[in-house]
Amino acid sequence: AFDKPRFVAFEAGLGAHSRNRRTGCTRCLDLCPTGAITPGKDSVVISAEICAGCGACAAVCPTGAATTALPPPEALLKRLRTLLLTFREAGGEAPLLLLHDAHGEALIEALARQGDGLPARALPLRVNEVSSLDLAFVLSAFAWGAAQLRVLGRGRRAHGMEGVLRNLDYAGEVLSGLGVPDHGAPRAGMIETDDPFTLAEALAALPRRGLPFPPSAHLALGASREVLRQAGRALAAGMQRPEAVLPMPALAPFGEARVEIAGCTLCVACTSVCPTGALSANPETPQLRFLEDACVQCGLCATTCPEKVITLVPRLNLAPEAAQI
C-alpha cells in the first residue's frame with residue numbers, strides 16, 4: 001500500500017463524452033499521456049492510480065467535469081488576481097505574466113544567481129504543472145491587466161502540452177478578434193527552453209505595451225466555464241465591443257449548433273443527448289430551443305440527428321443574448 005495524491009477531481013455527470021452509444025467529446029482522451037483516461041458508458045473514467053498529475057485533461061475539458069485538485073482552480077485564480085491588481089496599484093505598468101512549474105523555478109533561481117534576474121515587470125507565478133492551464137485562467141489574466149503572458153516549458157516538449165498550446169492560440173484569437181493590438185509579438189505564447197539566459201533574452205525582447213483599457217477588477221466566480229465567460233465579457237467591455245461574436249478554430253469549447261430548419265422534423269432526439277442542456281424542447285409548442293452559452297461543441301447532437309441537419313460552428317458569442325434561450 002502507498003499514498004498518492006489525487007491530482008484531478010472528476011465529476012462524471014458533467015462529462016460530454018458519449019450518450020446512447022454515440023461518441024461526443026474526446027478532448028481529454030486524445031491528450032492524456034499516461035493512458036489514465038479510458039472511455040466509459042456515458043463518460044470517461046479516470047484512474048487516480050495511473051494519473052501522473054499533468055492536468056492536460058483539465059486544461060481542455062469544456063464542461064468542467066475534470067478540474068485540477070492541486071491546487072484547486074479558485075485558489076490559483078485568487079492568487080492571479082491579487083498579483084496583477086496589486087502590481088497595478090503599486091504603479092507597475094505593462095505587467096508580463098510568467099507561468100511556470102518546478103522546471104521554471106530552477107531557471108528563475110539560476111538567472112537570479114548568475115545573471116540579472118527577471119525584467120522588473122515580469123511577474124512569475126508558480127503552478128503545479130503548466131500543462132494544466134485552461135482557457136479561463138489565460139483570459140482572466142488579460143482581463144485583470146496582464147500585457148503579455150508567457151508559459152515556460154521544457155526545451156523538449158513534454159507529452160500533453162498540446163492542450164495548453166491550443167488554449168494560448170484561442171486566447172490570441174479572442175484578443176485579436178476584439179481588436180487588441182499585439183505590437184509585433186503575440187500577447188499569449190510559450191517559451192520552451194532549459195537555459196536561463198535564453199529565457200531572459202526572450203522576455204526582454206517582448207514589446208513593453210500595455211492593454212488599451214484599464215484592467216477589470218471582477219471576481220472569478222463559479223466553475224471554469226463561467227469564469228471564462230466573465231473574463232471574455234470583461235475584455236469585450238474594455239474594448240467597447242460588448243456584442244462581439246468572434247469566430248474560433250476547430251475544437252474550441254464554445255459555439256453554435258446550427259440547425260437547417262427546412263430539414264428538421266422536430267423529433268427532438270438532439271435534446272435527449274445534449275449533456276449541458278444547450279438544446280431543449282419547448283414543452284408548450286413544437287419548438288427547438290438553443291442556449292449558446294451552454295454549448296460545448298461536443299458534437300453529440302450532430303451525430304444523433306437522424307436528418308443530419310445540425311452543423312457545429314465554433315465561435316465565441318459575448319453578447320448578452322448568448323445566455324438567453
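How much space lies in the second largest pocket? About 280 Å³. The model is predicted. This report covers its two largest pockets, then one sheet.

**Pockets**

The largest pocket has a volume of about 390 Å³. Its lining counts 25 residues, and the closest to the centre are T68, P73, E74, D134 and S224. Four elements each give two or more residues to this lining: β6 (66-68), α3, α5 (135-143) and α8 (224-238). Helix α3 gives the most, with four residues.

The second largest pocket is lined by 16 residues. Closest to its centre are A257, V259, I261, L288 and F290. Here the elements giving two or more residues are β12 (255-259) and β14 (288-290). Strand β12 gives the most, with three.

The table sets out both linings by residue class.

| Pocket | Nonpolar | Polar | Charged |
|---|---|---|---|
| Largest pocket | 15 residues | seven residues | three residues |
| Second largest pocket | 10 residues | two residues | four residues |

**The sheet**

Strands of a sheet pair through backbone hydrogen bonds, in either a parallel or an antiparallel way. Which order do the four strands of the open sheet follow? The order is β8-β7-β9-β10, and the pairing is parallel. The edge strands, β8 (122-126) and β10 (188-192), each pair on one side only. From one strand to the next, the twist averages 25°.

Strand β7 covers residues 96-100 and pairs with β8 over five bridges. In this pair, L96 stands opposite A122 of β8. Helix α3 (residues 73-89) lies across β7 and β8. The helix runs at about 165° to β8. Helix α3 also brings four residues to the lining of the largest pocket.

Technical notes:
Residues numbered from 1 in each chain as written. Predicted model: local features only at pLDDT ≥ 70, side-chain atom pairs only at ≥ 80, totals over all residues. Heavy atoms only, no water. Pairing = 2+ DSSP bridges. Axes fitted to C-alpha atoms, helices over the stretch in contact; angles between N-to-C directions. Contact = heavy atoms within 4.5 Å. 1 Å grid on protein atoms, 1.4 Å probe; cavity = no way out; pocket = protein on both sides within 12 Å on 5 of 7 lines; lining within 4 Å. Points joined across faces, edges and corners; volume = space filled by probe spheres on them. Nonpolar A, V, L, I, M, F, W, Y, C, P; charged D, E, K, R; others polar.
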